[in-house]
Amino acid sequence: MLRINDIIDKAQTYLPQEDLEMIEKAYIYSASVHQGQIRLSGEPYLTHPMEVAGILTDMKMDAATIISGLLHDTIEDTLTTAEHLEREFGRDVTFLVRGLTKLSKISFGSQEERQSENLRKMILAMSADIRILLVRLADRIHNMRTLQYHPKEKRIYIARETMDIYAPLANRLGINWMRMELEDLSFQYIASDAFNELTTKIAKSKEARNRYTEEVRSIITNEIDKHSIKGRVEGRAKHLYSIYKKMHEQHIDFNEVYDLIAFRIILDSDKEKSCYEALSMIHALWKPVPGRFKDYIAMPKANNYQSLHTTVIGPYGERVEIQIRTKTMHEWAEKGIAAHWRYKEGRAYKDNEQDQIKKLREILEIQQDVKNPKEFMSDLKLALFPEEVYVFTPHGDVKSFPKGATPIDFAYSIHTDVGNQCIGAKVNRSIVPLRYKLQNGDTVEIITQAGHHPSKDWLKNVVTTRATSKIRNWINLEEKKNSMALGRDLLEKEFKRHNLKFNNYMKTNEIKKVFAGFSVNQIDDLLSYVGLGRISPKRVVNYFLADGEVSATEPIKEKLKKKRLAPPSLGVSLIGVEDPDYIMVNFAKCCNPIPGDEISGYISRGRGVIVHTSNCPYIKKMGKDRIVNVQWNFREEHTYPVHIKVVCDDIKGVLTEVSSIISSFDVNISYAEVETVNLIANCNFIIDISSLPLLNQILSELKRLKFIKSIEWLHHF
């Protein structure tokens, strides 16, 4: 177990005495509040914050960050409050600890929703202070080192989250050692068989590889000495996951991986020119492999990584990968933003740090409007892309994009309007399709047309978070406009049925009660929800009706009972009765007859004649002496409630399309209820139908929709 003295010994090499005393005070406080708590490994819980603080000390972080590492779980897992922390350790530490506290006390509908909200909170906090992310990464490193104590399913879930989110975040911050360790630890659990097999193969070839490494390192060292180039040469094996990834992507065997070892020339000089001099020396010594040279000095990676990469044919005809960089470049390559961290009053950043903060803030800003947890997680993964291509604008400016980006991504990187109005693109002066994948060195020019709009199909051909988000926003806005128009139409019809004018109520105090009742803030939201089928027009109009009408919150069966209760002889004539208008008629709840059905009547006590369909099993069991002949009366047009159940894929806009088709037949939707299970939406509608042929037309039209799985007309409720 790491001791506080070990942390203090490391910290005193770069921190003043007063900071060391606060670190020790935080240790004592953490030990006190976590007393009695045990980790899954059986160790005292205190071992975890101690290890996190130790990692942060190795990274030479400031005192507030190390203290936050010691206290990061106190608000979440103990009785400690933020107010108490602020009194004891100050506002800065409290801010960091609060930013690290997960949303553990809030109930979420799914694990995916909880994960996305925790990450959203973390990104929001880290955009204000990057140290929050550094502590969270150190926390994840230690949790991954002790992951074996969790159940198998949880191990795989945490490892996958680490591989998808935390390792790329470490990469974006340029902390190479942390990225590699997180990837290897995740790989161990995500693909344990492949991990074990690869570990065994590497162990078998270790001795021969070490001899080869030393031989190549000596040759390069002698060569740079000969040319009076000051620096050192390192040779080390690539980490396991990068080897596995290469084998998997290139479909090659372990024996075909030629660059298991990467060599680095780290120059004493900080001049970029010296890197190119060393490169020419290497290319004079060994023949370079065509297409394997990358200049990350002229065009740094998104995380500000700089280096020259080349592959040459070295001793014994083996390919050798060599990286050339200055000391400063190397420090950034290994430690990233943490290498140059210097805390100043007001949390000021250096230029390269500020650039990283800006990029991380962009990730947040683009996704502020993304409510769906699946979309958020997908967009976040896209934003943390590992590979990039570099292209030029017509003016010669360089822009970087994730691998697989298209001209549409390029268009949205310039401006939202350019993206929305994009109709074509020229790459290297030639017209290309919008699905064309950009290549390194391409010069891209966008062709626009005023009034043009994005297409849903574009989402298949973009990879940047910005483009995806902007296209989705436009589509959602258009869908909202359509749903608002449909919602207004449905409400106006429903109000008209009750001899009310919809527009007369829009600026009254009553409408505010409607907003409160349906948890909406404005009329546009109400109209949109009605158009999407989330709120039925009947429920809205109920707020403006006299007492005794159907309650807005009544369940579907009660609505049907009251709706089915009709005035005497409504739409039905009794055959052989001289004055049928004085006989009360009700419709049976069991079979829900509508015009076009063959019907029979049953004389009941106190309720007049109950009308059933002729093939209803219930009427067949009743006494024949109380059955009377009835027929539909078409002198007046009446409507009857019909319950239909639509089972379909749970996709955006599905309710709008279904509601739109029903409304196109001038049919009122008096109730709509949706339940989603395993990406399938079960939609229950009560619609007011005047005849059976009309119902059949509606059902036939709905069946043409591709996303519909089944439609049922339910006679029983």
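**Figure 1. Cys 683 is a buried cysteine, with a relative accessibility of 1%.** Welcome to this set of close-ups, which are all drawn from a predicted model. Cys 683 counts as buried because its 1% falls under the 20% cut-off. Which other cysteine deserves a look here for being buried? Cys 422 does, at 0% relative accessibility. Cys 683 takes part in no disulfide: its nearest cysteine sulfur belongs to Cys 648, at a distance of 4.2 Å. The pair fails the test because a disulfide needs sulfur atoms within 2.5 Å. By this rule, the number of disulfides is zero.

**Figure 2. Three strands form an open sheet in the order S10-S9-S11.** The pairing in this sheet is antiparallel. Which strands sit at the edges? They are S10 (430-432) and S11 (444-448), each of which pairs on one side only. On average, neighbouring strands are turned by 35° against each other, direction ignored. Strand S9 covers residues 422-427 and is joined to S10 by three bridges in the antiparallel sense. If you want one of the bridge partners to look for, start from Ala 425 and go to Val 432 in S10. Helix H18 (residues 407-414) lies across S9, S10 and S11, and runs at about 80° to S11.

**Figure 3. Asn 428 lies in the loop between S9 and S10.** Here we zoom in on the backbone. What is the phi of Asn 428? It is near 55°, which is a positive value in a residue other than glycine. Asn 428 is partly exposed, with a relative accessible area of 43%. That label applies because 43% is neither under 20% nor over 50%.

**Figure 4. Lys 60 is another residue with positive phi that is not a glycine.** Its phi is about 60°. Where along the chain should you look for Lys 60? Go to the loop between helix H3 (47-58) and helix H4 (63-71). Lys 60 is partly exposed, at a relative accessible area of 46%.

**Figure 5. Helix H14 spans residues 272-285 and has its buried residues on the same side.** With 14 residues, H14 reaches 21 Å between its first and last C-alpha, close to the 20 Å expected at 1.5 Å a residue. Which residues of H14 are buried? They are Ser 274, Cys 275, Ala 278, Leu 279, Met 281 and Ile 282. These residues cover an arc of only 160° around the axis, so they fall on the same side of H14. As a reminder, an α-helix has 3.6 residues a turn, so residues three or four places apart point the same way. Lys 273 and Ala 284 are exposed, and they sit on the face of H14 turned away from its buried side. What covers the buried residues of H14? The cover includes helix H12 (206-226) and helix H15 (327-335). It also includes strand S2 (261-267), strand S5 (308-313) and strand S6 (319-326).

**Figure 6. Phe 89 is a buried residue of helix H6.** Helix H6 runs over residues 82-100, and Phe 89 has a relative accessible area of 8%. Which residues does Phe 89 touch, not counting those up to four places away in sequence? They are Met 22, Lys 25, Ala 26, Tyr 29, Ile 67 and Leu 71. Ile 67 is 22 residues away from Phe 89 along the chain, and their C-alpha atoms are separated by 8.6 Å.

**Figure 7. Ile 708 lies in strand S21 and counts as buried.** Strand S21 covers residues 708-714, and the relative accessibility of Ile 708 is 13%. Beyond its neighbours within four places in sequence, Ile 708 is in contact with Val 646, Val 647, Cys 648, Val 658 and Leu 702. How far apart are Ile 708 and Val 658 in space? Their C-alpha atoms are 9.4 Å apart, while 50 residues separate them in sequence.

**Figure 8. The whole protein has 27 helices and 21 strands.** Let us step back from the close-ups. What share of the 717 residues is buried? Buried residues make up 50%. Among contacts between residues at least 6 apart in sequence, 65% link residues at least 24 apart.

Definitions and conventions:
Residues are numbered from 1 along each chain as its sequence is written. This is a predicted model: local features need pLDDT of at least 70, side-chain atom pairs count only at pLDDT 80 or more; totals for chains, interfaces and linings use all residues. Side-chain values use heavy atoms; hydrogens and water are left out. Buried means under 20% relative accessible area, exposed over 50%, partly exposed in between (1.4 Å probe, protein chains only). Two strands pair if DSSP finds at least two bridges between them. Helices (H or I, at least four residues) and strands (E, at least two) are DSSP runs, numbered from the N terminus. Axes are lines fitted to C-alpha atoms, for helices over the stretch in contact, and angles run from 0 to 180 degrees between N-to-C directions. Contact means heavy atoms within 4.5 Å. The expected span of a helix is 1.5 Å times one less than its number of residues. The arc is that of the directions from the helix axis to the C-beta atoms.
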